[in-house]
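Notebook open. I wanted to look at one helix and then at how two chains meet.

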Number of protein chains: 2
Amino acid sequence: MLIDVHSHVAPLNMPGDPAPGAGLAWPCMLCGAAHTATLMVGSKPFRELDNRSWNVARRCEDMDRDGVAIQVLSPMPELLSYWFAAEHTEYLADHINASIAEMIAEAPGRFRGLGMVPLQEPERAVRYLLKMRERFGLSGVEIGSNICGVLPGDAQFAGFFAAAEALDLAIFIHALHPLSTRGIEISPEFAPLVGFPVDTAMAGASLILGGVIERHPKLRIGLSHGGGAMATLIGRLNQGWNTLPSFKARLRTSPSDQARTLFYDSNVYDQQLLRHLYHDMAPGQIFLGTDYPYAIMQTDPQTFLNGANFDKAELTQLSNGAALRFLGPQT
Amino acid sequence: MLIDVHSHVAPLNMPGDPAPGAGLAWPCMLCGAAHTATLMVGSKPFRELDNRSWNVARRCEDMDRDGVAIQVLSPMPELLSYWFAAEHTEYLADHINASIAEMIAEAPGRFRGLGMVPLQEPERAVRYLLKMRERFGLSGVEIGSNICGVLPGDAQFAGFFAAAEALDLAIFIHALHPLSTRGIEISPEFAPLVGFPVDTAMAGASLILGGVIERHPKLRIGLSHGGGAMATLIGRLNQGWNTLPSFKARLRTSPSDQARTLFYDSNVYDQQLLRHLYHDMAPGQIFLGTDYPYAIMQTDPQTFLNGANFDKAELTQLSNGAALRFLGPQT
């Protein structure tokens, strides 16, 4: 049974601009040919989409084809919208989260959901978390790798992670508007291909160095894209921890031990790296993630996992065991 | 026979400030207790050093203890000094490169050298490259992972790489003033522990995406810190290359095939990752690098390599084979 923890949605019907004329780059859908639409942000086309982004029947067809029992639905990261006034993001969140809840209700047993919150105003996000399970029935929250330029390990989000732990909500961290590649103009692929995995790892490292992981032992955090660059940072982080007395004095637990408690998706397009992640970085903590339905997604995930030379118990963890532990019980 | 390609020097006698009173943060040494000094940049202490940074006899003792036959000497990265007027950097380069040449001459057969160039003015750097072997007898150049905020794959450095290839000079890329972690204030360790490996990989990726590797098949490029995050970017770069027609149209060779032609040092403090780099990212292209003499260096490198479960032929490549191919013949 495959559970795909990394799949995105974008509702075809978006809520209206809450401040028309104010120049928000508000997301909305421009309809295209049958079953297609363009997500606009303000007046700019952001991405061409098709009904895989919103149509439950279409998704179920693809899931059946790929042997995926359950998809975890999370917002297209661009919809996280931390750059609006927080009340506008909350208005959008209400709509997006309700859309995810509706998709889940439409095909019982096939979907679970991770919602969005107005994290640019952490206290508002904490209040919003209370609705996540009760009102929307979602299992957790997708957050960006940075929130308007601030990494999640920053002290301003301490209350948010405390609340997520207390409410037993999973946190899935996805690359968004990479900080690492700001102002770099090597080629148009640089930010999406390099900045995404790098920023995901910077977010993860910020949670370790910022003490979040250590403060919240029951918090369940998953990093997209296999943690991005995380696997290559652990050795140096550990060496620094062992070498710098000030660093060791601040963190009781080694960075590698902390990294082993996080979850990571399998979305690395590299079976040897996947083996390294599973065997060396975080044994048992890797779950399937495909980035469905976008162009760069991992197609035929069953074949990808089967071809990576894992034994049966490991394949079970990758296919659904780690996902079920990350998501927690369905309520 | 171990060759340590990643070791740094800082001369005890630094050249005087070429523009006194102009407020340059010029590097100079403030003497401390016996055999120690503080490298100052302008009026600020940058790093406490001891005679391992400049004393050949002391280095040879340490090399004998560690079984290192040859160290490759490169400037402490902070000395690369791209932020000065190019003529001032060139003046410093003349001094630093001559110091490296003197250290090499002092212990025949024990050292090779990588110099520095005023790369912020690429045409000046190209002219300077002509001196590197003839005047200083050095095997190549150490450059920063960015040059005043610009990654090495940027078009402005095209002539520099063409000249390095033509002159058969090796290029060693070392993290410097990380771009990725600018403005991030999670903890004081974030830039050195996360930014360094991330920026090294961004530099490497910029050379692939910028077409430098493809244009210069004979250019020998080595990345410090095992390429930093490079190993975690290859799968996604390849997936993007296979998915984005515009990207594939621009590069003939897949990113993974290009990455296999670069060299990487072993300075990852993680034997499992080292195995992944050697076996999967770039077979045969990993050489020993320790970051001697700094606090974070890999101590006892022979034990580190021996404990990573390589076979004899692989150990030979790691110990000296890849280094000799990277450095080219001694002249």
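Before anything else, my cut-off: I call a residue buried when its relative accessible area is under 20%. I also keep in mind that this is a predicted model.

**Entry 1, helix 3 of chain B.** Which residues of helix 3 (residues 122–134) of chain B are buried? I get Pro122(B), Arg124(B), Ala125(B), Tyr128(B), Leu129(B), Met132(B) and Arg133(B). The spacing looked familiar, so I wrote down the reminder that in an α-helix, at 3.6 residues a turn, residues three or four places apart point the same way.

Next I asked what covers these buried residues. The cover includes helix 2 (86–106) and helix 4 (158–166) of chain B, along with strand 6 (111–115) and strand 7 (140–144) of that chain.

**Entry 2, chain B against chain A.** I counted contacts and found 50 residues of chain B touching 50 residues of chain A. About 4,200 Å² is buried between the two chains, and carbon and sulfur atoms give 69% of that area.

How many salt bridges cross the interface? The rule finds two. One I looked up is Glu189(B) with Arg250(A), whose side chains meet at 3.0 Å, N to O. For polar contacts between the chains, I have 11 residue pairs, both residues at pLDDT 80 or more.

On the chain B side, the elements giving two or more residues are helix 5 (190–209), helix 7 (230–243), helix 8 (245–250) and helix 10 (271–281). Helix 5 of chain B gives the most, with 11 residues. By type, I sorted the residues on this side into 27 nonpolar, 16 polar and seven charged.

How values were computed. Residues are numbered from 1 along each chain as its sequence is written. Chains are lettered from A and ligands numbered from 1 in the order in which they are written. This is a predicted model: local features need pLDDT of at least 70, side-chain atom pairs count only at pLDDT 80 or more; totals for chains, interfaces and linings use all residues. Side-chain values use heavy atoms; hydrogens and water are left out. Buried means under 20% relative accessible area, exposed over 50%, partly exposed in between (1.4 Å probe, protein chains only). Helices (H or I, at least four residues) and strands (E, at least two) are DSSP runs, numbered from the N terminus. Contact means heavy atoms within 4.5 Å. Buried area is the accessible area (1.4 Å probe) that two parts lose on being put together, summed over both. A salt bridge is a side-chain nitrogen of Lys or Arg within 4 Å of a carboxyl oxygen of Asp or Glu. A polar contact is a pair of N or O atoms within 3.5 Å; within protein, one must be able to donate a hydrogen and the other to accept it, and residues adjacent in sequence count only if both atoms are side-chain atoms. Ala, Val, Leu, Ile, Met, Phe, Trp, Tyr, Cys and Pro count as nonpolar, Asp, Glu, Lys and Arg as charged, and the others, Gly among them, as polar.
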